[in-house]
Amino acid sequence: MRFARTRRQLPLHLMVLPSAALVLIFSYGPIMGLYIAFQKFSVVKGMFHSPWNGLDNFDYMFSLPDIWQVIRNTLLIACLKIVAGLAVPIVVALLLNELGNRIFKRWIQTLIYLPHFLSWIILGGVLIDVLSPTSGIVNQLLGAFGIEPIFFLGSVRWFPAVLVVSDVWKEFGFSTIVYLAALTGINPALYEAAVIDGASRWKQTLNITLPGMLPVIVLLATLSLGNVLNAGFDQIFNLYSPQVYESGDVIDTLVYRLGLEQAQYSLATAVGLLKSAVSVVLISASYALAYRLANYRIF
Amino acid sequence: MAIPPAEDYLGGAPLLWVRTDWLQKLNLPEPKTMDDFLKIADAFANQDPDGNGKKDTYGLAASKDVIGGYPDLSGFMNGYHAYMNVWIKDASGQLVNGSIQPEMKTALGKLQELYKAGAIDKEFGVKDGGKVAEMQTAGKIGMNFGAMWNPLWPLQDNVNADKNAEWGAFPIPSADGTPASAQANADFNSFWVVKKGAAHPEAIVKLFNLYNEKIAGPNAEPQTYHTVDGMEVFKYALMANGFGTPQGLLSVHKNVVAALKSGDGASLLPEEKGYFDKIKAFQGGDRANWGTNKVFGEGGSWAVIGQNYVDGGLLTKNAYYGPPTPGMTEKKAILDKLVLETFTKIILGSPLSEFDKFVSDWNKLGGEQITKEVNDWYASQS
Amino acid sequence: MMRTSLSGRLFNGFNAVVLALLALLCLLPLVQVLAVSLSSSTAASAGAVKLWPVDLTFESYKFVLGKPEFPRAFWISLERVLLGATINMLLTITLAYPLSKEPAAFKGRTAYVWFFVLTMLVGGGLIPWYLVIKAAGLLGSIWALVLPGAVNVFNVVLLLNFFRGLPRELEEAAFVDGAGHWTILWKLFVPLSMPALATLILFTVVGHWNSWFDGLILMNTPEKYPLQSYLQTVVINRDLSLITMADAATLSQVSDRTLKGAQIFLAALPIICVYPFLQRFFIKGVVVGSVKG
């Protein structure tokens, strides 16, 4: 009986095999390199001859004077991005779903994906102009409502908001596409039945559309938890300045500047290891929760 | 053993660049003292030098990095005998860091005044050099401190955009009777090293010589080794950045100017001949080569550097030029962050008393330790 | 056919306006980049370009497209995208299928899943990654750009979720009819997952087309650079504290703002052309028809 089952499952194992082999080599291979986090790594000596450092790199990291401020900034910015990055695409996908005109819908779908192609180097310059307190469009609009100009990029209070809004703007197209694809999988018969029962569009959205999207929402939410300590180096590096270090300096930017002095690979690897550990814990916890409470396997 | 790259101390020394056509328009004298400078900065900001009826011009360029090749506030600070991030000798002969000296407090105070008066862009703290260059190209800034190559970029862009624009190079004006000495860093961020036990350690010197010979020596073949079809192939040589022109760009300038006077460029080195030709083109009316003339020609960057900094002995070199000490490896990035944040805040308007707190923080966070290490090194040098 | 109520029509109108504004907001910066790329370097350096080119010139495009390296890099990118996307999709499909099964139907499934998911969260860093690829002897070969990232776990997880959403009855019916796993996957699951697959194809193609860092690091000669890596080298590195004499001279001749603009636009162009084509696959109701019987 066991043999029969294994034989029936053999094709499945075989399907996994090529991918597993590639991942083993190209993903697990480099993971062995995490070893560097515990060394005082020197490029000249290489991985096999650099002296062992134990937890010294981690000690050093936590003894940096601004480390807790930097960690706080990272968590705040990342969490805001995760929440906004989930909410906005869902809303946009729902709105797009309501559009009757196919061609119009296609155009919008294409256009919202475009910001993804712009690099933060360019966007940095654009944002400085757009958000300028003297000549920027945003402040001119605010002025029309009688609001005083706000120096967005130079204000410790507003800087995180700029980061979140601009990042969502740049990447929401990606998730929206995923949600739209998910929406096509919902059974139209459900809608037909609802209409016959006299349900309003809003009720239909609440009771059919959203639940239909729920698995994908939960999935994307869980996976984005893996990014809770990645506040977005590329973006922040191009937008921040000493004026806003207080709320804008994050783990990756601090490590980057430290690395400038003497290729501090050990430190960078140690920080990376710590971030990965946190991601693994969070995602495992989500997976376990979803399974225990809702008998639902996220993946 | 390590051979450092042959660096030009003078290449990074700050000069003062001024829109001389604006000076003429507003009837202002050239800046000889810091007082002159402050007056000019104020006038450029408030007296509408571009004549468009709007108060949209600034006196002094500044960026979020505070110092650098462009724009550079270290030149301004040097006028008050303040030296940011440079190790200098104090009265007792010890090495101290220029960033925490009382002169720096004075300089920052003056910058704060300029900011308040509108001579410095209110948004300078979030703009990088590229963004500031845009403003200067568009004719919104009248002065900047910066390195000798500024005429090639960004000033050339402004000259291209505005046919009336003219820039002058000046030595740093001083705030008191003592002439200002420009700061100079030999940034040793790379060394040539040979692995112990390598079979042919002398190969590296041979490569240096070959490089020299083929590019700068009497039998040089620059068409093959220096620039081919506009692509600077010499940069890809293994020994690139290992060796500049034999006596530095100052001698290049002197040779070029002499050749321009005599009218004969035949005896020039290939690199110098290139500049010679471009300057000749400029003199013939080609404004696209204004920059080269402003760097190597008469009255340009190197003229100022040669006559003032070199002949006048007005160069303050970074007294520490060893490799990063252990303290620096651990703490320098943190100290740099503190310096940038504090200086920016003060320029933006924070009370000057914050400077004193900054000094004590700087020492506590590792500055004291590094100062000791630097002095140990210094003692061992003599 | 229900007549749309007044509030319904208002909502439709409002919705259309909001979405149109949003799309415009997304379009404008790209338009500006395009305008900059078509402007003279002086105008661009002065920041004078808004939404329309100033001193219209095709210099930057001529400069970028004119160099012989450009078509060569273009073909390499094309090769990479075709090879990479195909392998990616094949592996994604064949991996998502078994992992979408219940643990009862596929022993060890959960262990496999964690094996793959872990690699999304944990990485060894740049240097070990490079060393592994070097040890595999792939440096300088197009396979270096295709194999290390061939298994995209994010895509696999997305697809396996879609597979899970397909009705169980379909599979059971197929088994009864004597079909094996392979047949079920390719004859049944794949045709029913076109929206998801279209999405993944788009992401994979975009990912391969845009990636430039690996090309720079893993290709040992510039002739082997894919397009984006090559374009990166065209634009001058402007770390102002490290600028050399020669760099300054070059900067004065070519504006890197217009070059960057051309570079970005050339990067986005193929995708803008391909994407609408892929949208054909976002069709509703494909699943339902098969279950009714």
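Student: How many residues of chain A are in contact with chain C, and how many of chain C with chain A?
Tutor: This is a predicted model, in which local features need pLDDT of at least 70 and side-chain atom pairs count only at pLDDT 80 or more, while totals for chains, interfaces and linings use all residues. Residues are numbered from 1 along each chain as its sequence is written, and chains are lettered from A and ligands numbered from 1 in the order in which they are written. Two residues are in contact if their C-beta atoms, placed from the backbone, lie within 7 Å. The contacts between the two chains involve 63 residues of chain A and 68 residues of chain C.

Student: Which element gives the largest share of the side of chain A that touches chain C?
Tutor: Elements are DSSP runs numbered from the N terminus, helices being H or I over at least four residues and strands E over at least two. Those giving two or more residues to this side of chain A include α1 (2-31), α7 (159-183), α9 (201-225) and α13 (265-294). The largest share amounts to 15 residues and comes from α1(A).

Student: How do the residues on that side of chain A divide into nonpolar, polar and charged?
Tutor: Ala, Val, Leu, Ile, Met, Phe, Trp, Tyr, Cys and Pro count as nonpolar, Asp, Glu, Lys and Arg as charged, and the others, Gly among them, as polar. With these classes, the side of chain A that touches chain C divides into 44 nonpolar, 16 polar and three charged residues.

Student: Why is α8(C) described as largely enclosed by the rest of the structure?
Tutor: Helix α8 of chain C, residues 153-165, reaches 19 Å from its first C-alpha to its last, close to the 18 Å expected at 1.5 Å a residue, where the expected span is 1.5 Å times one less than the number of residues. A residue is buried if 20 or more other C-beta atoms lie within 10 Å of its own, exposed if 12 or fewer, and partly exposed in between, with C-beta atoms placed from the backbone. The buried residues of α8(C), among them C:Val156, C:Leu159 and C:Phe163, are covered by elements that include α7 and α9 of chain A as well as α4 (69-99) and α5 (109-121) of chain C. The helix is largely enclosed because its buried residues number 10 of the 13.

Student: Which element gives the most to the largest nonpolar core?
Tutor: A nonpolar core is a set of buried Ala, Val, Leu, Ile, Met, Phe, Trp, Tyr and Cys residues joined through C-beta atoms within 7 Å. The largest has 228 residues, and those touching the most other members include A:Leu153, B:Met77, C:Val156 and C:Leu159. With 12 residues, the element that gives the most to this core is α7(A).

Student: Is B:Ile120 buried or exposed?
Tutor: B:Ile120 lies in the loop between α4 (102-116) and α5 (129-137) of chain B. Beyond its neighbours within four places in sequence, B:Ile120 is in contact with B:Tyr58, B:Leu60, B:Ala62, B:Leu114 and B:Tyr115. Because 25 other C-beta atoms lie within 10 Å, B:Ile120 is buried.

Student: Where is B:Pro71, which follows a cis peptide bond from B:Tyr70?
Tutor: Most residues other than glycine have a negative phi, and most peptide bonds are trans. The bond from B:Tyr70 to B:Pro71 is cis, with omega near -20°, and the bond from B:Trp153 to B:Pro154 is also cis, with omega near 5°. B:Pro154 is found in helix α6 (residues 151-161) of chain B, whereas B:Pro71 is placed in the loop between α2 (34-46) and α3 (74-79) of chain B.

Student: What is the burial class of C:Asp55, a residue with positive phi?
Tutor: B:Val66, in the loop between α2 and α3 of chain B, has a positive phi of about 65° and counts as buried, with 22 C-beta neighbours inside 10 Å. C:Asp55, in the loop between α2 (41-45) and α3 (59-66) of chain C, has phi near 55°. With 14 other C-beta atoms within 10 Å, C:Asp55 is partly exposed.

Student: What percentage of residues 261-278 of chain C is helix?
Tutor: The unreviewed UniProt entry annotates "transmembrane region" over spans of chain C that include 138-163 and 261-278; UniProt positions are given in the numbering used here, feature names are shortened, and annotations may be inferred rather than shown by experiment. Residues 138-163 are 58% helix and 0% strand, with end C-alpha atoms 34 Å apart. For residues 261-278, whose end C-alpha atoms lie 26 Å apart, strand is 0% and helix is 100%.
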